[in-house]
Amino acid sequence: MLQISKEQFVRDLKDRMHEKYAQKLKDAKPEEVYLALGSLIKKYYSNEWIESRAELTDHRAKQAYYFSIEFLPGKMLKSNLLNLGLLDVAREAFREVGVDFEAVAAVEPDMALGNGGLGRLASCFMDSLASVGLPGNGNGIRYGYGLFKQKIVDGYQVELPDEWLSHGNPWEVKKAGEALDVKYGGNVYLRREADGELTPVSENQWSVRAVPYDNPMIGYENSQVNLLRLWGVEIPTSEEGNYYTIEQRRHVEDITSVLYPDDSNYDGQLLRLIQEYFFVSAGVQSIVRYYKELDLPLEEIHTKIAIHINDTHPALCVPEFMRILVDEEGMSWEKAWDVTVKTMSYTNHTILAEALEKWPTQMVAELLPRVFQIIQEIDRRFVETMSEIHPGDLVERTRIIQNGQVHMANLSIIGGHSVNGVAKIHSDLLKNVVLHDFYTLYPTRFNNKTNGIAFRRWSQIANENMSKLIDENIGKSWRSDANELNRLMNYETDSVFLGKLADVKLANKERLAKYIKEHNGIDINPNAIFDVQIKRLHAYKRQLMNLLRVVKVYLDLKENPNLEIPPRVVIFGAKAAPSYTYAKSIIKAINEVANLVNNDKTINDKLKVVFMENYNVTLAELIIPAADVSEQISLASKEASGTSNMKLMLNGAVTVATLDGANVEIKEAVGDENIVIFGMDEDEVYSHYNNHDYSARWHYENNSVINRVLNAFVDGTIPNINREGQEIFDSLVTYNDEYFTLLDFPSYLEAQERVDELFRDVERWNRMSLVNIAKSARFSSDATVTRYAKEIWDIKPTDKQRSYENARQAHAQFN
């Protein structure tokens, strides 16, 4: 923890303004103050960063490298100040000089490097690895425009470029001297040498330059600074002559322009594969280069390096590592394969078969000819080895290359020593259903690591007033040790404390209501139930079921405006993939229902609907502390884990949920009485799948409530959705909705009636909120990464971090 006084902070900030912009602090624009402040903070942590790297190198400590196509850090200013122990100092300094700190902080753009849970999880892990003193680093892509900036026009999602780098990124350091070439295409043949060995020879390849931009991952008050390395792309000097036109140059720039380019056509798919190999090859090359500087035997690289494949996007780590060991370092295939398997590990994030990446073999062979040869050889040896032990049909089902496609999940499993799911139910489904064949082959490789969240960001930054209230009652040790939150259970029947907790919630709701009024033009009642569903738009997440209920309540209120229900504000935040037209139709329907409901004065403001445009981390930090209800309503067996459920829980929201993903473990943590569960469980879901006995049309024709609600989508009740309404109706009824929305709908309605009943009992509701906060500790990503470190990566805190932790525990014990 840095010891910087308010006075020194003011002096240093003024000096930075003079050096950077040659003007006084009071005359500077917020953008200029933000960049000067970022530069000053970088100065404060730079020595710690240097010392952290030096200690790892000097001690030859084993390090983990977390490869992820997404990172979703959000804004870093407050997080960096908090972790350095300087957030309060900075605020005091800004007050003294008469500059609005919050206005300066608002200037910072969200780092647009991710989409949803996958990227946010990766960023939580980066924060936690540093905060628990573990040597773990991230490896990803420095996207110029990220996913996209969502604009709602006439109810429709429109995708705009997210120019988050327009003013630069004050946290990153460009390491041009550590740039590497990544090669594509051409042709490869094997040349027999004089000694009989075969050497691969590549011809007519094209290259791009991968340039690392290093971003600090600062630990919480512990002087640890880890590394998030993001790769940018440039044209190598040697290749300049091959790029004469702007269009040719743009093809190179496109490699790092956007996350998840539209893959509905061949060109889009090819660009995705180029992206994946780009950051994999650059990252693996840089790791091997670093290891060789340690002057240790290459055969022992797995004792100092762990490479983690986060979902299937970085699966090419396996053949790329083999390529370097065999082709460039001259290691035998057998030894290189042994080392590779010991180095690699893989997290599966999905139950959905379509989300397990597969690439056409011809595409891989043409783009990455040598890598494809290596994949073919891995596949051949896998078949040869396993055919001696297991039935032929089992081996064929688990091959990497099948039906003209390269299966990236299969490659990740075969090429690593660990496969983990991200919630207990998810891991069980992997073993018993989705990846059962692989579990038969490699039972000891499978394990569970339930996801976690960076609880400091989602409490101490997002909900400062709640954090201060907790400090006043149980002290501050919970800020570094989430388990201390359990002590809040001592206040479960303390009406004074519960009242203060409710006051904090109300203040957060008033803050959100003000934002919604300013940005959406909608007046909402802070005393209403704030019912929140914030997640990527996908059919299996069933935002549509939530919308069906909204329509049902609206129709009920039209029949009886005096209906005795608590007022409710239903808040959606979601982006749909640009090529996912059905999800975009649901967004259109949500917005048209919102227009209908919000402008109908006859329902007495008992129902409002808000769609939060361009949902991102910053908006999440505003919405989550204000939420009363957390909607986690995916079909049981479809959500791997979820993390919005954990963030909302930490902030005192009551979860309405199916028994899916981490909801099961939330239920275990808080008890049946502090969560509202509905719908089928996974066994019932799979029973319907196996028996083929679900008829959505039967429910439509035999349930009058469902009939009335669905008709509203096609009979003009909801205006301006002629096409979208019919598409939604057909998806649910005509095409027998695969996510059983109509089957779970009656149970969902009952669950929401239960919510209304509980919310009326103010003290009971406040107790439920408290229990959720107190029991959220088990979902801290600090604990999650510690389990990864011990059980998968075999990495340990450095000597400095062990000393720090001993001192921290002694201090806590003394106090």
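Me: In which sense do strand β1 (residues 63-67) and β2 pair, and over how many bridges?
Reply: This is a predicted model. Strands of a sheet pair through backbone hydrogen bonds, either parallel or antiparallel. For β1 and β2 the sense is parallel, over four bridges.

Me: Which residue of β2 is the bridge partner of Tyr65?
Reply: Tyr65 has its bridge partner in β2. That partner is Asn137.

Me: Which residue in β10 is the bridge partner of Ile141?
Reply: β2 also pairs with strand β10 (residues 225-234). The sense is parallel, with four bridges. The partner of Ile141 in β10 is Trp231.

Me: Is strand β2 (residues 136-141) largely enclosed or not, and why?
Reply: In a regular strand the side chains alternate between the two faces of the sheet. Gly136, Gly138 and Gly140 point one way from β2, Asn137, Asn139 and Ile141 the other way, and all are buried. Six of the six residues are buried, so β2 is largely enclosed by the rest of the structure.

Me: What is the strand order of the open sheet that holds β13, β14 and β15?
Reply: Three strands form this sheet, with antiparallel pairing. β13 (358-360) and β14 (401-402) are the edge strands, each pairing on one side only. The order is β13-β15-β14.

Me: Which residue of β15 is the bridge partner of Trp359?
Reply: β13 and strand β15 (residues 405-407) run antiparallel and are joined by three bridges. The partner of Trp359 in β15 is Val406.

Me: How far apart are the end C-alpha atoms of helix α19 (residues 495-520)?
Reply: The helix has 26 residues. At 1.5 Å a residue it should span 38 Å. The distance in the model agrees with that: 36 Å.

Me: Which residue takes a positive phi just after α19?
Reply: At the start of α19, a side-chain oxygen of Asp494 comes to within 3.0 Å of the backbone nitrogen of Val496. Just after the helix, phi turns positive, at about 70°. The residue there is Gly521.

Me: How many of the twelve residues of α9 are buried?
Reply: Helix α9 (residues 317-328) reaches 15 Å from first C-alpha to last, close to the 16 Å expected. The helix is mostly covered. Its buried residues include Cys317, Phe321 and Arg323. The count is ten.

Me: Is Lys449 buried or exposed?
Reply: Lys449 lies in the loop between β17 (446-448) and α17 (455-461). Beyond four places in sequence, its contacts include Asn420, Arg787, Tyr788 and Glu791. Its relative accessibility is 2%, under the 20% cut-off. Lys449 therefore counts as buried.

Me: How many residues apart in sequence are the parts that Phe125 and Tyr788 tie together?
Reply: The two rings form an edge-to-face pair, 5.3 Å centre to centre with 65° between the planes. Phe125 lies in helix α6 (residues 117-131) and Tyr788 in helix α31 (residues 781-793), so the pair ties together parts whose separation is 663 residues.

Me: Which residues do ring pairs link into a cluster with Phe125 and Tyr788?
Reply: Phe125 is buried, with a relative accessible area of 0%. Tyr788 also counts as buried, at 0%. The cluster holds two further members: Tyr66 and Trp793.

Me: Over which ring does the charged end of Arg142 sit?
Reply: Elsewhere, Lys575 lies over the face of Phe148, 5.2 Å from the ring centre. The charged end of Arg142 is 3.9 Å from the centre of its ring. That ring belongs to Tyr213.

Terms used:
Residues are numbered from 1 along each chain as its sequence is written. This is a predicted model: local features need pLDDT of at least 70, side-chain atom pairs count only at pLDDT 80 or more; totals for chains, interfaces and linings use all residues. Side-chain values use heavy atoms; hydrogens and water are left out. Buried means under 20% relative accessible area, exposed over 50%, partly exposed in between (1.4 Å probe, protein chains only). Helices (H or I, at least four residues) and strands (E, at least two) are DSSP runs, numbered from the N terminus. Two strands pair if DSSP finds at least two bridges between them. The expected span of a helix is 1.5 Å times one less than its number of residues. A polar contact is a pair of N or O atoms within 3.5 Å; within protein, one must be able to donate a hydrogen and the other to accept it, and residues adjacent in sequence count only if both atoms are side-chain atoms. Contact means heavy atoms within 4.5 Å. Rings of Phe, Tyr and Trp (its six-membered ring) pair if their centres lie within 6.5 Å; planes under 30 degrees apart count as stacked, over 60 as edge-to-face and the rest as tilted. A charge sits over a ring if NZ of Lys or CZ of Arg is within 6 Å of the ring centre and within 35 degrees of the ring normal.
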